[in-house]
Each structure stands twice: as C-alpha cells, then as structure tokens.
Amino acid sequence: MTDTLESVVKVVTLDGPSGVGKGTMAQILAKDLGYHLLDSGAIYRLAALASIQQNISPEDEDKLVEMCTQLDITFDASDESKVQVILGGENVTSRIRNEDIAQRASLIAAIGPVRAALLQRQRDFAQEPGLVADGRDMGTVVFPEAPVKFYLTAAAQVRAQRRFDELQANGLDVEFNAILHEIQERDTRDSQRKVAPLKPADDAIVIDTSDLSIDAVKQEILSHLNKSVLA
Ligand code: C5P
C-alpha cells in the first residue's frame, strides 16, 4: 500500500442516503473505537447556513467557493454526548438540523468547485489514532484508500418512518408524506449529481438496515472491523 493519509491513519468510512442512521452509527463507532469523528454533512450544512447569512444565491458558484475557502468552522467535542458545531464563533448545532438547511446543502453540494474547496478540510480530520468519516462520498472521493468502507442503505419508506417517529417524539407536528417526499428529493439530487454522487465505493461493504436495529447494525460493522486490518 502506498503511504497515503488513509493508510497511515486508520479511516473507517460510512456512506449512505439521508436518514439511514449513519450519523448515529458513526458516533457510536467513534466512541467505541476511540477514534475522531467527521460529520461531513455538517460541513455542507454549515456552508448552506453561511450562504443564507451572507445572502449568497445557491447558483452563484464564484461567491460560494470564496465563502467556502473562508468558512470559520469549529467542531467542539468536549461534551462527549454531542459534538457542538460552531460557525464564526456562534453555536449553530441545532440551527443546521432542519430540512431547509439540508435542502440548500444538497443544492450547493452538487457544485464541483464547492466540493473541491471543502475537500482538504475534511481530509484534515484523519488524525491518530483513527477516524470514522460519515457522509456521501467518504469512501469514493475523500478517503478512497480507507482500509474499511461501509455503505448503509434502507428503503425510503423505512427512513421516512424513522425520521417521522423521531420528530414526533420531539413534539413536532409533522406529516409522513412530506418527510418521505423530502427524503426522496434529496436522494435523487445526491445520487444523480455529476460530481461525487451518492453511491457505494466498489470495495464498500453494503448493509441494508431496513430490518435491523441500531445494535444489530453496530454488531455487523464490528464483526467486519474485527476481521479487517483494524483488528
Ligand atoms: O448527511 P447530511 O444529511 O447532514 O447531509 C446534508 C447534505 O449534504 C446531503 O443531502 C448532501 O447533499 C450533502 N453531503 C454531501 N457529501 C457529503 C455529506 C453531505 O454532498 N459527504
């Protein structure tokens, strides 16, 4: 193996569509393995929020790229239960978790030069002792030589139901069909874009989580990790 970043630092990639539970799984794994965590979706969401704050149209490529090169982002992991996301000194952890931000993130994430401007920032997360990287193109573009890659998938109906249950449990008045529509819209855009489309890396282990509990998914991932170079 060449002496690349991913072979020097152990990187586990976790890709898949929205609402599949990658975020939760990535957090659990990072904690279990004692690794760092990259929530790459949060970076695209921060870019989306910054573009709104700075009044930059999602079509204005030049301004978006310039903005991305200057994004002042901090991930504060001092509270173990939840990473805090800071943009320009302001804690925006909850503000980036809504569907408007997600949709805008997905729009600007389809722009190649925007992705290029955010690439190194993501690679910088690969630090000792290791990294769990969660996203859409972790195994295909950002860490193509990662020794272990996972791609989580689940039927759109199942993902929408999980999101619906979660939002309802948080006391929000939501409509199942609206959630399903948003998930399908984002899936279509993310998987059909020309640059870094959502797809499993050729060497990724694909896990369909439709009928699996969080714990069952974790056990399956850990069994692969134990067999792999991370053992
Ligand atoms: O994962 P999350 O839902 O936070 O991602 C928000 C959006 O950011 C996705 O719908 C996708 O368009 C974009 N994204 C991406 N590449 C990544 C992570 C997220 O294009 N690695």
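Reader: How are α3 and α5 oriented, roughly parallel or roughly perpendicular to each other?

Author: Start with the angle between the helix axes: anything from 65 to 115 degrees counts as roughly perpendicular. In this predicted model, α3 and α5 pack at an angle of about 100°, so they are roughly perpendicular to each other. Their axes are 8 Å apart.

Reader: Okay, and which residues of α3 and α5 meet there?

Author: To read a packing contact, list the residues on each side. From α3 you have Tyr 44, Arg 45, Ala 47, Ala 48, Leu 49, Ser 51 and Ile 52. Facing them in α5 are Ile 101, Ala 102, Arg 104, Ala 105 and Ile 108. Sort that contact by class and you get nine nonpolar residues, one polar and two charged.

Reader: What about α4 and α6, at what angle do they pack?

Author: Same approach, another pair. Helix α4 covers residues 61–70 and helix α6 covers residues 112–123. They pack at an angle of about 5°, with axes 8 Å apart. Angles under 35 degrees count as roughly parallel, so α4 is roughly parallel to α6.

Reader: Which residues in α4 and α6 meet?

Author: On the α4 side, look for Glu 61, Leu 64, Val 65, Cys 68, Thr 69 and Gln 70. On the α6 side, find Pro 113, Val 114, Ala 117, Leu 118 and Arg 121. By class, this contact divides into seven nonpolar, two polar and two charged residues.

Reader: Now the ligand. How many residues surround it, and which are the closest?

Author: With a ligand, begin with the shell of residues around it. Here 16 residues surround the ligand, and the closest are Arg 45, Arg 115, Arg 186, Asp 190 and Arg 193. The shell's classes are four nonpolar, four polar and eight charged residues.

Reader: Which side chains have an N or O atom 2.6 Å or 2.8 Å from a ligand oxygen?

Author: Check the distances one by one. Arg 45 has a polar side-chain atom 2.6 Å from an oxygen atom of the ligand. For Asp 190, a side-chain N or O atom is 2.6 Å from a ligand oxygen. For Arg 136, that distance is 2.8 Å.

Reader: How much of the ligand's accessible area does the protein cover?

Author: Compare the ligand on its own with the ligand in place. Alone, the ligand has 460 Å² of accessible area, and the protein covers 95% of that.

Reader: And which elements give two or more residues to the shell?

Author: Those are α3 (40–53), α5 (99–108) and α9 (176–192). The most comes from α3, which gives four residues. You met α3 and α5 earlier, as the pair packed at about 100°.

How values were computed:
Residues numbered from 1 in each chain as written. Predicted model: local features only at pLDDT ≥ 70, side-chain atom pairs only at ≥ 80, totals over all residues. Heavy atoms only, no water. Near = heavy atom within 4 Å. Polar contact = N/O pair within 3.5 Å; in protein donor to acceptor, adjacent residues only side chain to side chain. Areas by Shrake-Rupley, 256 points an atom, 1.4 Å probe, with all protein chains shown as cover. Nonpolar A, V, L, I, M, F, W, Y, C, P; charged D, E, K, R; others polar. Axes fitted to C-alpha atoms, helices over the stretch in contact; angles between N-to-C directions. Parallel < 35°, antiparallel > 145°, perpendicular 65-115°, else oblique. Contact = heavy atoms within 4.5 Å.
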